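The report below goes through one structural model, beginning with a single residue and its helix and then moving outward to the sheet, the chain contacts and the loops.

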Amino acid sequence: MQPKPSILLVDDESAITDNLSPFLSRSGFAVTVASNGEEALQKVATGHPDLLVLDVLMPRLDGREVLRQLRQGGNWTPILLLTQVGEASERAMALEEGADDYLNKPFDPHELVARIRAVLRRARPGQPPLSAAVRLACEKLILDRASHRVWLDEAELALTPKSVMLLEYMMTHPDELVSRDRLLDVVWGWDYPVGTRAVDTRIAELRRALDDDPGRPRYIETIPGQGYRFVGTVETRP
Amino acid sequence: MKYGRWLVTLAPAVLGAGLALYFFLSFDLHHDHIVYLRADFGSLSLILGLGLSGLAALVFALLGWSGRTRQQVNAAAAEERRRFLRRLDHELKNPLTAIRAGLANLAELPSGGARREALASVETQTLRLSRLSADLRKLAELEVRLVEHSPVDVPALLRDAFSMAQ
């Protein structure tokens, strides 16, 4: 039997850790808890957890600083940030700083478990996650995340900024079923007054530009009634 | 800062009045201290032009200064509001996150100690949210209510606050 994946749950709010920790344990993880950033860094150094669930707003050392210190020290333990911010740009920044994924509080604990599993599945031990890479490639499709430019067959594609953000999220979460609500939250922000139809419109735009047949998708697959999945194999490019 | 503009405006008048008083008292008995100024039209228009430009520059500088002060006050108020909203966001989201996790536990746990614990935790968090909403109502009232002025025993007030905090 495989050992349970170990998770370090970091939040200064004991009400959250008290309730989440038994839930995560029942979901098949070995859970340890830290109540601030300093304690988290110590426990990462001594316990080598498989993944960190890290709150952003904390006393002493906040989550973002913990993330920065770990990544600067070359530690690529997968990190899922628990954010409070509503701005899509702030969340994009969290991913650029090397978080593997994030979840907005208050979240459904089942969603947290699904994200943890997805991140663990994607994780490549000791290596930076796709979400930290500047350039991603899938066959002839190349995405430069710094300049927000996309090329297919070496020809640059003219895409709207929202479509690029959408493609970026899909490519950093390959082989993962991503719901329309999640994409809406990632690209438009939770308070943006558009419906999930806006996601479908952008996906259609991407498919047209990528010449992707929905019937036999090379890149984006539709999961009826649930959402979308990036089916291509994504690798990092220098 | 509040009286700065008055000070700048009135300073020349006060200075002039002071000098007038001084001359009046010193030279009251001798009337041969009158100063006559003569100037040709060219110089007079130049001096008048320069004087008016100086005055206009001063007026604009003062207007700019008061505008900047108002902007600073507005920016500080906006920042204060943003900080308040961020704090409120944090205070609301944490108990809600705990409640959602607690409810997920309640749905899965068989009756027993752990289930009772989860239930107690959810109750505690809902009470916390109720307190928060009561505080917000008080805050809203404070903003619209008329300010009452009455004498306050500050040491007694501080003692009360201290004992409450303990």
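Ser14(A) is exposed, because 12 other C-beta atoms lie within 10 Å of its own; here a residue counts as buried with 20 or more other C-beta atoms within 10 Å, as exposed with 12 or fewer, and as partly exposed in between, the C-beta atoms being placed from the backbone. This is a predicted model, in which local features need pLDDT of at least 70 and side-chain atom pairs count only at pLDDT 80 or more, while totals for chains, interfaces and linings use all residues. Residues are numbered from 1 along each chain as its sequence is written, and chains are lettered from A and ligands numbered from 1 in the order in which they are written.

**Helices H1 and H5 of chain A**

Ser14(A) belongs to helix H1 of chain A, where helices (H or I, at least four residues) and strands (E, at least two) are DSSP runs numbered from the N terminus. The C-alpha atom of Ser14(A) is separated by 7.6 Å from that of Ser35(A), although the two residues are 21 residues apart along the chain. The buried residues of H1(A) are Ala15(A), Ile16(A), Thr17(A), Asn19(A), Leu20(A), Pro22(A), Phe23(A) and Leu24(A). These buried residues pack against E1, E2 and H5 of chain A, together with H2 and H3 of chain B, a contact being a pair of residues whose C-beta atoms, placed from the backbone, lie within 7 Å. Just after H1(A), Gly28(A) takes a positive phi of about 100 degrees.

H1(A), with 13 residues, reaches 19 Å from its first C-alpha to its last, close to the 18 Å expected at 1.5 Å a residue, the expected span being 1.5 Å times one less than the number of residues. For H5(A), the 14 residues should span 20 Å at 1.5 Å a residue, and the end C-alpha atoms are 20 Å apart, which agrees.

In H5(A) the buried residues are Pro109(A), Leu112(A), Arg115(A), Ile116(A) and Val119(A). They cover an arc of only 110 degrees around the axis, so they are on the same side of H5(A); the arc is that of the directions from the helix axis to the C-beta atoms. An α-helix has 3.6 residues a turn, so residues three or four places apart point the same way. The face of H5(A) turned away from its buried side carries the exposed residues His110(A) and Arg121(A). The cover over the buried residues of H5(A) includes E1, helix H1 (14–26), E3, strand E4 (79–83) and E5 of chain A, together with H2 of chain B.

**Strands of chain A**

Five strands of chain A form an open sheet in the order E2-E1-E3-E4-E5, with parallel pairing, two strands being paired if DSSP finds at least two bridges between them. Strand E2 (30–34) and E5 of chain A stand at the edges with a single partner strand each, so one side of each is left without a neighbour in the sheet. Within this sheet, strand E1 (residues 6–10) is joined to E3(A) by four bridges, and Val10(A) stands opposite Leu54(A) in E3(A).

Strand E6 (residues 135–138) of chain A has a covered face, Leu136(A) and Cys138(A), and an uncovered one, Arg135(A) and Ala137(A). E6(A) pairs in the antiparallel sense with strand E7 (residues 141–144) over four bridges, and with strand E13 (residues 235–237) over three bridges. Arg135(A) has Asp144(A) as its bridge partner in E7(A), and stands opposite Arg237(A) in E13(A).

**Contact between the chains**

In the contact between the chains, 19 residues of chain B meet 17 residues of chain A. The largest share of the chain B side, 14 residues, comes from H2(B).

**Backbone angles in loops**

His48(A) is exposed because it has 11 C-beta neighbours inside 10 Å, and Asp153(A) is exposed because it has 10. The table gives phi for these residues and for one in a hairpin.

| Residue | Place in chain A | Phi |
|---|---|---|
| His48(A) | loop between helix H2 (37–47) and strand E3 (51–55) | near 45 degrees |
| Asp153(A) | loop between strand E8 (149–152) and strand E9 (155–156) | about 55 degrees |
| Glu139(A) | hairpin of E6(A) and E7(A) | near 50 degrees |

The peptide bond from Lys105(A) to Pro106(A) is cis, with omega near -5 degrees, and Pro106(A) is placed in the loop between strand E5 (101–104) and helix H5 (109–122) of chain A.

Key
Two residues are in contact if their C-beta atoms, placed from the backbone, lie within 7 Å.
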